Amino acid sequence: MKTYKHILLLIGLSVFGCSDLEEDPVSQLSPDGLFNSVERIETATNAAFGNMTHEDFWGRKMSLAIMLRSDMVAIGDPTTARRRIDHDDFNVLADNGMIPDNWRRSYQAIAAANQAIAGAELVDVADEVKNPITARAYFARAFMYFHLVRQFGEIPYLDKPIEDLEQASNIGKMPVTQVYENIIADLQFAKLWLPDTQIARSIPAKSAAQSYLALVYLTMENYQMAYNEAKGVIDSEGEYELGLEPDFQNLFNSSSIDSSNEPIFVLDYVGITDGDEGRDYQPALTGLRDDQQYGIGGGWSVAVPSLEVFNTWDSRDYRKSVSLDTTGVFNITNPETNATAQETRPFAVFKESGRGRGVNRPHIAKYTRNTGSTAANNGRGSQNNYAMMRYAEVLLIAAEALNEVQPGAAEAHAYINRVRARARNGNGSNFPEDVSGLSQDDFRTMVLEERKWELAFEFKRWYDIARRRLGNEVFSASGLEGAKPNFDPNQDYLLPLPATELARNSNLEPNNPGY
């Protein structure tokens, strides 16, 4: 798959954290004179996407936080950094170390997108030539703001390059509804100008913009528009070259994912091991410590499913075996002969089989089983493709939204059944079974459960919990992780704005409630 080069351009520097800049900061770049061709627009746009794969964002800081805040994944190694444990325990403070890097990197990506959009105005070619490229920048900006607004609520909104650093450094927060209006406008531009298909799924096509419009509307509880956009993608399945991957395992195999029609937009890792620009930490964070079975040196057992995820997930569902590793391979030394040999052991003795920092629970297999060739230990130089949006999710969005506007619709049931048919994988048991005739409330419960299993560990669950306000239920004693007594629904659906930013800019006060 052709991928974006990880170009962290100077024009992508954030205005935030400006106290570290020189008196004549390089982020004060005007597009004048810099943009004189479509290729320059594309270069700036690539910088926006390059920032997404950095360790600060998807590589580790942001992605790990939202995974740990879900009800399916908990800390495995208790000696891991406190800043991670605090997300799992809902003890996050405004100075949590994972937050400012995510914040800064997000705005760096946005800054690069803003440069591309502003620079395109200076390139004297027909709209039909430049807008399909510029539309990628609009998509990137919407993608980043969509993450930010769901995590932080009211945020500073920048839609043009920074020319007055002092003014930008004192910007206030924009209301959530207005942020969403801007995200929708960007995605509508992208939907209008992006082509039906691209040469790679790491480059957004029309399907990516339309699918994200559906998810944005779903998050806003505008169910009719969510259904309309998702149905538009489904109706254009042929033109967009989309479909469900026949074998669920192939979605998490770096050697086969490039040829799949299911991914709609991906972040594509290409085995980079020098620095954190494009280094993938998910195999390390989710992999089993001391495990030898995949030739990557094992992982760190940081983000590990709760035992109840394994216990409550029916084993007839093929997605369970794809998603979880229940055995590991360890170098075991015989105390009598002092000889070392590899042995396969079950999860009940993972901790005892290694050096004591693992945990006796099944581990996530999606990001360790088929990482591709990697030069960095623990899979950190992986060739994984992370699907930010895939076709199965579009079907689930359409089903959830249609149930809200037309309860009992057979069409909504059919979308679920299409996803479940693959999950059976020819197991002969008709499980998970087809659904039909459910009431609106039962369907709503069912579709959220279906999202939980279909998209398990794909960084979606926390956002579902937050948008549906499920915290009191899923973090109760009956939840997958047991009681989370620190969870406060008046506070914890949002993260705190970084303390460093509030110290620099009083216009960001007050912080989110509870912080």
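**Exercise 1.** In this predicted model, decide whether D325 is buried or exposed, and then find which residue pairs with D325 in a salt bridge.

*Solution.* Begin with the accessibility: D325 has a relative accessible area of 10%, and because buried means under 20%, D325 counts as buried. Next, look for the partner, which is R369, whose closest N and O atoms with D325 are 2.8 Å apart. As a last step, place both residues along the chain: R369 lies in the loop between β7 (363-364) and β8 (385-390), while D325 belongs to strand β4 (residues 324-325), so the salt bridge ties together parts that are 44 residues apart in sequence. R369 itself is partly exposed, at 21% relative accessible area.

**Exercise 2.** Work out where R468 and E400 lie in the chain, and state whether each is buried or exposed.

*Solution.* Start from the contact, since R468 and E400 form a salt bridge whose closest N and O atoms are 2.9 Å apart. R468 sits in the loop between α19 (461-467) and α20 (471-474), whereas E400 sits in helix α16 (residues 391-405), and the two are 68 residues apart. Then compare each value with the cut-off of under 20% for buried: R468, with a relative accessible area of 17%, is buried, and E400, with 1%, is buried as well.

**Exercise 3.** Describe the exposure of the two residues in the salt bridge between R316 and D314.

*Solution.* The closest N and O atoms of R316 and D314 are 2.9 Å apart. R316 has a relative accessible area of 41% and is partly exposed, and D314, at 27%, also counts as partly exposed.

Note on methods: Residues are numbered from 1 along each chain as its sequence is written. This is a predicted model: local features need pLDDT of at least 70, side-chain atom pairs count only at pLDDT 80 or more; totals for chains, interfaces and linings use all residues. Side-chain values use heavy atoms; hydrogens and water are left out. A salt bridge is a side-chain nitrogen of Lys or Arg within 4 Å of a carboxyl oxygen of Asp or Glu. Buried means under 20% relative accessible area, exposed over 50%, partly exposed in between (1.4 Å probe, protein chains only). Helices (H or I, at least four residues) and strands (E, at least two) are DSSP runs, numbered from the N terminus.
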